[in-house]
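User: Could you walk me through this fold and tell me how each description is justified?
Analyst: Gladly! Let's look at it together.

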Amino acid sequence: KNYVSLAQNLRKNMTPEEKHLWYDFLKKLPVTVNRQKNIGNYIVDFFIAQNRIVIELDGQGHGFEENIEKDKLRDEDFRNLGITVLRYTNNDINQRFNSVCQDILLHLGLNEENVKF
């Protein structure tokens with residue numbers, strides 16, 4: 001139950017990079033994308049259930065050794081559930097937005113004609 005309330009709070013307080021990816025790309029996709037979705041003991045930034053894809057945006061804190069290990073374990077848990085994790089840094093969103101969008105489209109089996117961004 002705590003995860004539900006935390007996820008709701010995270011949806012209300014998205015980072016600038018999450019907002020950019022959501023409003024300028026993910027929201028326009030022809031598939032359902034959930035924001036701050038509970039999956040097991042985790043809350044993921046974005047989840048596309050139809051394709052079993054999690055999209056995570058990593059800020060500076062993810063570069064620390066202990067967080068790198070936590071992310072590896074988390075990603076392994078998702079792989080064991082048949083879920084693919086796509087990770088991008090905030091820097092990727094800020095400096096290579098179109099490349100990130102194209103990579104997501106590739107994983108979804110869509111092309112740019114399906115979405116305007």
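User: To start with helix 5, how do you know that its length agrees with what its twelve residues should span?
Analyst: Happy to show you, and please keep in mind that this is a predicted model. At 1.5 Å a residue, the twelve residues of helix 5 should span 16 Å, and the C-alpha atoms at its ends are 17 Å apart, so the two agree.

User: Which residues of helix 5 are called buried, and what makes them so?
Analyst: They are F97, V100, C101, I104, L105 and L108. The word applies because a buried residue has under 20% relative accessible area.

User: Why are these residues said to lie on the same side of helix 5?
Analyst: Because they cover an arc of only 135° around the axis, they sit on the same side of helix 5. There is a general reason behind such patterns: an α-helix has 3.6 residues a turn, so residues three or four places apart point the same way.

User: What covers the buried residues of helix 5?
Analyst: The cover includes helix 2 (16–24) and helix 4 (90–95), along with strand 2, strand 3 and strand 4. Helix 5, residues 97–108, lies across those three strands and runs at about 175° to strand 4. Since the angle between N-to-C directions can go from 0 to 180 degrees, a value of about 175° means that helix 5 and strand 4 point in nearly opposite directions.

User: And what follows helix 5?
Analyst: G109 does, with a positive phi near 75°.

User: Turning to the sheet, what makes strand 1 and strand 4 its edge strands?
Analyst: The sheet is open, with four strands in the order 1-2-3-4 and mixed pairing. Strand 1 (34–39) and strand 4 (84–89) each pair on one side only, and that makes them the edges. Neighbouring strands here are turned by 45° against each other on average, ignoring direction.

User: How do you know that strand 2 and strand 3 pair?
Analyst: Pairing needs at least two bridges, and three bridges join strand 2 (residues 42–48) to strand 3 (residues 53–58), so they count as paired. The two run antiparallel, and F46 stands opposite I55 in strand 3.

User: How do the elements run along the whole chain, and how much of the chain counts as buried?
Analyst: The chain has five helices and four strands, which run α-α-β-β-β-α-β-α-α from the N terminus on. Of its 117 residues, 36% count as buried.

Terms used:
Residues numbered from 1 in each chain as written. Predicted model: local features only at pLDDT ≥ 70, side-chain atom pairs only at ≥ 80, totals over all residues. Heavy atoms only, no water. Contact = heavy atoms within 4.5 Å. Expected span 1.5 Å × (residues − 1). Buried < 20%, exposed > 50% of the residue type's maximum accessible area, 1.4 Å probe, protein only. Arc of directions from axis to C-beta.
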